[in-house]
Amino acid sequence: MITQEQFDSEVKSIIANAIREDVGDGDHSSLACIPENARGRAKLLVKDKGIIGGVNFAKKVFAYVDKNLKLDVRIEDGTEVTYGDVVMYVEGPSQSILKAERTVLNAMQRMSAIATKTKMFVDLVEGTKTKILDTRKTTPGIRVLEKWAVKIGGGENHRFALYDMIMLKDNHIDFAGGITKAIEMTKQYLKETGKNLQIMVEARDLVEVEEILQNEGVFRILLDNFDYEDTRKAVKLIGDKCLTESSGNINETTIRHYAECGVNYISCGALTHSVHNMDLSLKAVK
C-alpha cells in the first residue's frame, strides 16, 4: 500500500478536483439569494442503516472550503448507524456550508456503502485466519477514498495501483511466455531498477501452483477461480512457503467456505464495484 504522504496527497487532489468540478466559477444559487455574511447551521442526517464512513474525509472537505466552518462530530467513522442518527453538525458561513455539501455527501454515501459491505464480509469470515482485501476495481479518480472505506469497514488494502506491487496475472504470464520466465524476468527487472517490490503470481490450477513454488522470491500466490477442493489442496501444497489469496466467485454465499480452506486472504472486487450508496442528507437547522 502507498505511504501516508502519498495517501494524503491523493486525498487533497480529490478534494480540490471535486470542488472545482462542482463549484466552477461560483455557487450562483447561493450567491443569488444568501448574503455573504449570513451564518447557518446544518446537520448530517442518516436515512439508512449500516456503517458510517467518510467522517474524517468530510472534515477535510469543510476545512478546504472554509476554515471558519466548525464541526461538532457526534458519530465517528466505523460506527454502526441507523435511520435518524445525526453524524455531525456544521456551523459557519451559510454559503460555505452549501458549497461543500454535495462533495461531502457524495463521498460519505459511497464510503459508507463500501464500509458496510466490507464489515459484512469481515463478519462472515470471523473465527478464521482469513483477511478481506479490496482490489483495483474502483471508481476512477477516487480510489483512495474507496480503499479508505474498506479499512473503515475492517478490511485490508491490496496494492494501491500498478506501481506499488508486482502482480503477475494470467495475461502477464501468457505474454511473457510462461510462469517461470515471467518470474525470472521480473526478478531481473527489479535487480536492474533497484526497486523493492513484492512479487505476487496468479495460478489458474494446481499445476501452475507447483511451478510457481519451484521459483524463489514469490511473496503470495493468487488462487484464481479455484473450487473449494482445489483451494484446500493448494493451501496444503503451499504450506508456509508463501502467503495465499483466493479470488473469483467470491460472494456472501461462498466467502466462508473459501476462508475455511485456510487461505490467508480473500480479495473481492464487489466491495467497491457493487454497492448501493447509503442515504444521507445535509439539512439546515433553524
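The exercises below work through strand β9 and its neighbours in a predicted model.

**Exercise 1.** Determine which residues of β9 point one way and which the other way, and whether they are buried or exposed.

*Solution.* Begin with the extent of the strand, which covers residues 220-224. Next, sort the side chains by direction: R220, L222 and D224 point one way, whereas I221 and L223 point the other way. This can be set beside the general rule that in a regular strand the side chains alternate between the two faces of the sheet. Finally, apply the cut-off for a buried residue, which is under 20% relative accessible area; five of the five residues in β9 are buried, and the strand is therefore mostly covered.

**Exercise 2.** Find which strands pair with β9, in which sense, and over how many bridges.

*Solution.* Take β8 (residues 199-203) to start with: four bridges join this strand to β9, and the two run parallel. Within this pairing, M200 has R220 of β9 as its bridge partner. The chain passes from β8 to β9 by way of helix α8 (residues 206-213), in a β-α-β crossover that is right-handed. Then turn to β10 (residues 243-247), which pairs with β9 in the parallel sense over five bridges, and where E245 is the bridge partner of L222. Here helix α9 (residues 228-238) completes a right-handed β-α-β unit with β9 and β10.

**Exercise 3.** State which domain UniProt lists for residues 114-283, and describe the chain over that range.

*Solution.* The unreviewed UniProt entry lists these residues as "domain: Quinolinate phosphoribosyl transferase C-terminal". Over residues 114-283, the chain is 42% helix and 16% strand, with the end C-alpha atoms 24 Å apart.

Definitions and conventions: Residues are numbered from 1 along each chain as its sequence is written. This is a predicted model: local features need pLDDT of at least 70, side-chain atom pairs count only at pLDDT 80 or more; totals for chains, interfaces and linings use all residues. Side-chain values use heavy atoms; hydrogens and water are left out. Buried means under 20% relative accessible area, exposed over 50%, partly exposed in between (1.4 Å probe, protein chains only). Two strands pair if DSSP finds at least two bridges between them. A crossover is right-handed if, with the strands pointing away from the viewer, the path from the first strand over the helix to the second runs clockwise. UniProt positions are given in the numbering used here, feature names are shortened, and annotations may be inferred rather than shown by experiment.
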